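Here is my note on the model you sent. Please read the points beside the structure.

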Amino acid sequence: MPQLDTSTWFITILSMILTLFIMMQLKVSKHSFHSNPEPLEVKSSKHTTPWETKWTKIYSPLSLPQR
(Lines give C-alpha, C1' and ligand atoms only; values in the text may rest on other atoms or scores of the structure.)
Protein backbone atom coordinates (compact mmCIF):
# COMPACT_ATOMS: atom_id res chain seq x y z
CA MET A 1 0.00 0.00 0.00
CA PRO A 2 1.54 3.34 -1.04
CA GLN A 3 2.11 6.09 1.48
CA LEU A 4 0.13 9.31 1.38
CA ASP A 5 2.17 12.16 -0.06
CA THR A 6 1.89 15.08 2.38
CA SER A 7 4.64 17.24 0.92
CA THR A 8 2.21 19.66 -0.75
CA TRP A 9 -0.14 20.05 2.19
CA PHE A 10 1.70 22.97 3.74
CA ILE A 11 1.62 25.14 0.62
CA THR A 12 -1.99 24.15 -0.10
CA ILE A 13 -3.21 25.11 3.38
CA LEU A 14 -1.16 28.29 3.38
CA SER A 15 -2.50 29.41 0.02
CA MET A 16 -6.06 28.59 1.08
CA ILE A 17 -5.75 30.71 4.22
CA LEU A 18 -4.21 33.56 2.25
CA THR A 19 -6.99 33.40 -0.35
CA LEU A 20 -9.69 33.42 2.31
CA PHE A 21 -8.07 36.38 4.01
CA ILE A 22 -7.90 38.35 0.75
CA MET A 23 -11.51 37.51 -0.11
CA MET A 24 -12.71 38.65 3.29
CA GLN A 25 -10.74 41.88 3.01
CA LEU A 26 -12.27 42.60 -0.37
CA LYS A 27 -15.75 41.85 0.92
CA VAL A 28 -15.33 44.14 3.91
CA SER A 29 -13.76 46.92 1.85
CA LYS A 30 -16.76 46.99 -0.51
CA HIS A 31 -19.18 47.31 2.38
CA SER A 32 -20.35 50.87 2.98
CA PHE A 33 -20.57 52.01 6.58
CA HIS A 34 -22.40 55.09 7.79
CA SER A 35 -19.90 57.80 8.53
CA ASN A 36 -21.68 59.31 11.52
CA PRO A 37 -24.62 57.38 12.95
CA GLU A 38 -27.21 59.66 14.51
CA PRO A 39 -29.67 58.41 17.13
CA LEU A 40 -33.31 58.62 16.17
CA GLU A 41 -35.41 61.00 18.20
CA VAL A 42 -38.42 59.21 19.56
CA LYS A 43 -41.39 61.28 20.59
CA SER A 44 -42.71 60.02 23.88
CA SER A 45 -46.38 60.47 24.54
CA LYS A 46 -47.54 60.88 28.12
CA HIS A 47 -50.19 58.36 29.05
CA THR A 48 -52.37 59.27 31.96
CA THR A 49 -53.48 56.40 34.12
CA PRO A 50 -55.97 56.56 36.97
CA TRP A 51 -53.43 55.59 39.61
CA GLU A 52 -51.03 58.39 38.70
CA THR A 53 -53.35 61.03 40.10
CA LYS A 54 -54.08 59.19 43.35
CA TRP A 55 -51.79 59.04 46.33
CA THR A 56 -51.11 55.47 47.27
CA LYS A 57 -49.10 54.01 50.07
CA ILE A 58 -47.76 50.48 50.05
CA TYR A 59 -47.48 48.90 53.44
CA SER A 60 -44.70 46.49 54.02
CA PRO A 61 -45.65 43.46 56.15
CA LEU A 62 -42.88 44.30 58.59
CA SER A 63 -44.14 47.87 59.14
CA LEU A 64 -47.67 46.79 60.07
CA PRO A 65 -48.50 46.75 63.77
CA GLN A 66 -48.29 43.35 65.34
CA ARG A 67 -51.44 41.78 66.72
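1. Overall fold. This is a predicted model. The protein chain has two helices and zero strands. Helix α1 covers residues 9-30.

2. Burial. Of the 67 residues in the protein chain, 0% count as buried. The cut-off for that class is under 20% relative accessible area. About 8000 Å² of the protein chain is exposed. Carbon and sulfur atoms supply 65% of that area.

3. The annotated segment. The UniProt record, an unreviewed entry, places a "transmembrane region" at residues 6-26. Such an annotation may be inferred rather than shown by experiment. In the model, residues 6-26 are 86% helix and 0% strand. The C-alpha atoms at the two ends of this stretch are 31 Å apart.

4. The nonpolar patch. Which residues make the nonpolar surface patch of about 760 Å²? They are L4, W9, I13, M16, I17, L20 and M23.

5. I13 as an example. I13 is one of the patch residues, and it lies in helix α1. Is I13 partly exposed or buried? Its relative accessibility is 44%, so I13 counts as partly exposed. The partly exposed class runs between the 20% and 50% cut-offs.

6. Before the helix. D5 sits in the segment before α1. Its relative accessibility is 53%, so D5 counts as exposed. The cut-off here is over 50%. What does the side chain of D5 contact? It makes a polar contact with the side chain of S7, at 3.0 Å.

7. For the text. Please keep the record and the model apart. The "transmembrane region" label comes from UniProt, whereas the helix content of residues 6-26 is computed from the predicted model.

Notes
Residues are numbered from 1 along each chain as its sequence is written. This is a predicted model: local features need pLDDT of at least 70, side-chain atom pairs count only at pLDDT 80 or more; totals for chains, interfaces and linings use all residues. Side-chain values use heavy atoms; hydrogens and water are left out. Helices (H or I, at least four residues) and strands (E, at least two) are DSSP runs, numbered from the N terminus. Patches are made of residues with over 30% relative accessible area and no salt bridge: like charges are joined within 9 Å, nonpolar side chains (Val, Leu, Ile, Met, Phe, Trp, Tyr) within 5 Å. Accessible areas come from the Shrake-Rupley method with a 1.4 Å probe; for residues, only the protein chains shown count as cover. A salt bridge is a side-chain nitrogen of Lys or Arg within 4 Å of a carboxyl oxygen of Asp or Glu. Buried means under 20% relative accessible area, exposed over 50%, partly exposed in between (1.4 Å probe, protein chains only). A polar contact is a pair of N or O atoms within 3.5 Å; within protein, one must be able to donate a hydrogen and the other to accept it, and residues adjacent in sequence count only if both atoms are side-chain atoms.
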